[in-house]
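This report is an introduction for a reader who is meeting the structure for the first time. It moves from the whole chain to its cores, its charged pairs and a few places in the backbone.

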Amino acid sequence: MEKKYFQPEIETMPVEELLKLQEEKLIKQVKYVYDNNQYYKKLMDEKGVKPEDIKCRADLAKLPFLTKNDLREAYPYGLLSKPLNECVRIHSTSGTTGKRVVAFYTQNDVDLWEECCARAIVAAGGGDEDVCQVAYGYGLFTGGAGLHGGSHKVGCLTLPMSSGNTERQIQFMQDLGSTILCSTPSYAAYLGEKLAEMGLTPDDIKLKAGIFGAEPWTEEMRRNIEKSLGIKAYDIYGLTEISGPGVSFECEAQTGMHINEDHFIAEIIDPETGEVLPEGEEGELVFSSIDKEAFPLLRYRTRDLCVLTREKCPCGRTHIKMCKPKGRSDDMIIIRGVNVFPSQIETVLLKKGYTPNYQIIVDRINNEDTFDINVELSEENYRKLHETDGEEAAKRDLLAAMKTMLGIRPKLHLLAPKSIERSEGKAVRTIDKRKLHD
């Protein structure tokens with residue numbers, strides 16, 4: 001019989017018990033952080049908050065926020081709460097601006113993180129008879145290590161492929177009978193493309209499920225991946241600062257991602273005022289780690305915009321769900337005063353039958369913003385448009401749809417197949433050249 005939960009007693013814990021557990025852990029964690037972390041102690045002192053002021057979950061709002069700027073300012077050891085000789089690993093963000101963010105782990109931190117990833121694998125139908133192909137990058141990036149450890153805990157045969165060498169990925173997929181794929185959604189889409197290019201169909205592989213995260217992706221992209229690889233595609237969410245993938249994950253209902261509430265408390269705040277918003281309202285997601293030892297962040301602002309809901313889930317899990325992030329308050333591009341999210345562009349492209357391979361290029365020339373979108377055509381579309389001389393009509397149609405969605409008119413470029421460089425890690429969707437000039 002297929003296992004439904006990795007840790008049923010925790011994943012289906014009655015909500016009242018779960019909230020009580022969170023409260024107990026939070027009270028202990030605030031005292032632990034105050035006593036062991038000089039950086040956060042200073043923030044608490046500046047706000048006039050002492051550990052004894054935190055008596056219940058609602059008191060969380062009294063604590064100061066942490067932001068990525070704090071993490072950069074405290075780099076490398078300023079937010080460490082354990083002696084280095086008790087830490088066994090670091091991971092780092094893949095950010096390209098400023099100082100990198102480095103997160104530390106004790107062995108217990110690693111074990112709890114891997115259990116979170118194991119829950120995600122079991123929720124996607126994984127068990128000890130599965131072959132789990134981990135095609136996330138390894139190294140400082142958390143993706144590979146997290147799902148690798150989770151796969152081990154479930155008892156899957158684990159293929160630590162990392163990203164890249166796509167033909168070998170497909171060969172191993174065939175030869176070893178991989179049943180679960182873990183990667184970024186853009187790399188999964190590329191694997192689907194490559195499979196077809198090699199003259200193969202989903203019937204030639206044994207994949208049944210994919211666990212995809214680390215970058216934004218739309219429902220249209222999910223359907224495309226499911227079709228090209230013959231799988232059910234599951235979302236997973238996490239961030240290096242909090243642990244890595246596995247902070248939340250989708251179950252078979254796929255109506256949001258269950259947050260592992262025995263380890264993390266989630267809040268939604270107004271990104272402008274910092275005020276805590278009620279359940280069901282959209283705002284910025286904030287996390288507090290209530291179990292982490294080496295790098296326990298309290299009230300960390302993720303910049304991800306989403307909604308939380310505790311509506312009863314048919315899967316039986318009681319942990320609160322977050323919707324797929326609807327964008328990021330800091331990744332949002334403001335072009336000529338208009339807020340633009342890359343996910344809006346992807347939605348239009350996929351609804352119109354284009355590939356999810358695109359790039360947004362923003363620049364500032366003569367004090368005016370320019371906004372270009374490069375859209376890569378599929379082999380079929382490219383051939384069809386050139387045979388019928390229909391490129392201009394296709395551009396007009398796509399441009400009208402973009403203008404309706406964004407409220408701003410981009411300059412569109414329809415490119416030949418394979419002309420946008422493929423990503424083996426996170427796809428580079430936006431190139432904002434204004435940052436280089438300003």
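Helices and strands are here DSSP runs, of at least four residues for a helix and at least two for a strand, and they are numbered from the N terminus. With these element names, S162 can be placed in the loop between strand β4 (157-159) and helix α7 (166-176). The model is a predicted one, and what follows describes that model.

## The chain as a whole

The chain holds 13 helices and 20 strands. Its C-alpha trace spans about 75 × 60 × 40 Å along the principal axes. The radius of gyration of the chain is 22 Å, which agrees with the value near 22 Å that a compact globule of 438 residues would have. Of these 438 residues, 56% count as buried, and the accessible surface comes to about 19,400 Å², of which carbon and sulfur atoms make up 50%. When contacts between residues at least 6 apart in sequence are considered, 66% of them join residues that are at least 24 apart.

## Nonpolar cores

In soluble globular proteins, nonpolar side chains tend to be buried together. The largest nonpolar core of this model has 74 residues, and the members that touch the most other members are L63, L147, L285 and F287. Helix α5 (residues 107-123) gives this core its largest share, namely nine residues. Another core, which lies apart from the largest one, has 24 residues, including I333, L349, A394 and I408.

One of those residues, I333, also appears among the neighbours of D432: leaving aside residues up to four places away in sequence, D432 touches I333 and V362. D432 is part of strand β20 (residues 430-432), and it counts as buried because its relative accessibility is 14%, under the limit of 20%. The side chain of D432 also makes a polar contact of 2.9 Å with the side chain of R434.

## Salt bridges

Side chains of opposite charge can pair when their charged atoms come close. Over the whole structure, a search finds 33 salt bridges, and the table gives some of them.

| Pair | N to O distance |
|---|---|
| D35 and K31 | 2.8 Å |
| E193 and K418 | 3.8 Å |
| R299 and E267 | 3.0 Å |

The partners D35 and K31 both belong to helix α2 (residues 15-36), where they stand four residues apart, about one turn of the helix. D35 counts as partly exposed at 43% relative accessibility, and K31 counts as partly exposed at 46%.

The salt bridge between E193 and K418 has its partners in separate elements. E193 lies in helix α8 (residues 185-197) and K418 in the loop between β19 (411-415) and β20, so this pair ties together parts that are 225 residues apart in sequence. E193 has a relative accessibility of 23% and counts as partly exposed, while K418 is partly exposed with a relative accessible area of 40%.

The third pair in the table, R299 and E267, likewise links distant parts of the chain, since R299 is in the loop between β11 (283-289) and β12 (300-306) and E267 is in strand β10 (residues 264-269), 32 residues apart. Are R299 and E267 buried or exposed? R299 is buried, and E267 is buried as well. Salt bridges that share partners also join E167, E193, K194, E197 and K418 into one network.

## Places to look at in the backbone

Most residues other than glycine have a negative phi, and most peptide bonds are trans. Which residues are joined by a cis peptide bond? Y75 and P76 are joined in this way, with an omega of about -5 degrees, and P76 is found in the loop between α4 (68-73) and β1 (89-92).

S162, the loop residue placed between β4 and α7, has a positive phi of about 60 degrees although it is not a glycine. R299, the partner of E267 in a salt bridge, is another residue other than glycine with a positive phi, which is near 55 degrees. R299 counts as buried because its relative accessibility is 2%, and its place in the chain is the loop between β11 and β12.

Terms used
Residues numbered from 1 in each chain as written. Predicted model: local features only at pLDDT ≥ 70, side-chain atom pairs only at ≥ 80, totals over all residues. Heavy atoms only, no water. Buried < 20%, exposed > 50% of the residue type's maximum accessible area, 1.4 Å probe, protein only. Polar contact = N/O pair within 3.5 Å; in protein donor to acceptor, adjacent residues only side chain to side chain. Contact = heavy atoms within 4.5 Å. Salt bridge = Lys/Arg side-chain N within 4 Å of Asp/Glu carboxyl O. Core = buried A, V, L, I, M, F, W, Y, C linked by side-chain atoms within 4.5 Å. Rg over C-alpha atoms; globule rule 2.2 N^0.38 Å. Areas by Shrake-Rupley, 256 points an atom, 1.4 Å probe, with all protein chains shown as cover.
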